Amino acid sequence: MNTDPIADYLTRIRNAVAASHRVVEIPASNLKKEITKILFDQGYILSYKFDDSTAQGTIKIALKYDKISKDPVIKEIQRISTPGLRKYAGAGKLPRVLNGLGIAIVSTSKGVMTEKQAKAENVGGEVLCYVY
């Protein structure tokens, strides 16, 4: 039993990047699929594929690396709100990551989105993680 599936998701990505893997496979959930779509839209991952052949399904993520220096695009990915200590932020108090160079992924009443989208829609919510 996994008590924090989002932390497990982020750790699998972090470990795959540290080991210079090209693809990482993660058990799927709707929240993880939404986070994956945001990472793809923001340019942090190369591509993704949802495989629903099993009961739970899996997410295959192709990690993105710099073509010249071979450095990973994801430098840091960290969990902010944990099951033991939830972190919420109102629309006016949403965090900026590295002065706007990174993103904060927020779970709002209108769905999962980046902090920039949440500010534009004037909604707050639970700050899930930072990516930069």
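**A walk through the predicted chain**

From the N terminus on, this predicted model runs α-β-α-β-β-β-β-β-β-α-β.

Me: How many helices and strands are there in the chain?
Reply: Happy to start there. The order of elements is α-β-α-β-β-β-β-β-β-α-β. Counted up, that gives 3 helices and 8 strands.

Me: Is K33 buried or exposed?
Reply: K33 sits in helix α2, residues 30-41. Leaving out residues up to four places away in sequence, K33 touches A28, F50, D52 and I59. Its relative accessibility is 17%, and buried means under 20%, so K33 counts as buried.

Me: Which residues in α2 are buried?
Reply: A general point helps here. An α-helix has 3.6 residues a turn, so residues three or four places apart point the same way. In α2, the buried ones are K32, K33, I35, T36, I38 and L39.

Me: How far apart are the end C-alpha atoms of α2?
Reply: We can set an expectation for this helix. At 1.5 Å a residue, its 12 residues should span 16 Å. The model agrees with that, as the end C-alpha atoms are 17 Å apart.

Me: What separates the C-alpha atoms of G84 and G43?
Reply: G43 comes just after α2 and takes a positive phi of about 85°. G84 lies in the loop between β4 (77-79) and β5 (88-89), and it counts as exposed because its relative accessibility is 78%. The two glycines are 41 residues apart along the chain, and their C-alpha atoms are separated by 30 Å.

Key. Residues are numbered from 1 along each chain as its sequence is written. This is a predicted model: local features need pLDDT of at least 70, side-chain atom pairs count only at pLDDT 80 or more; totals for chains, interfaces and linings use all residues. Side-chain values use heavy atoms; hydrogens and water are left out. Helices (H or I, at least four residues) and strands (E, at least two) are DSSP runs, numbered from the N terminus. Buried means under 20% relative accessible area, exposed over 50%, partly exposed in between (1.4 Å probe, protein chains only). Contact means heavy atoms within 4.5 Å. The expected span of a helix is 1.5 Å times one less than its number of residues.
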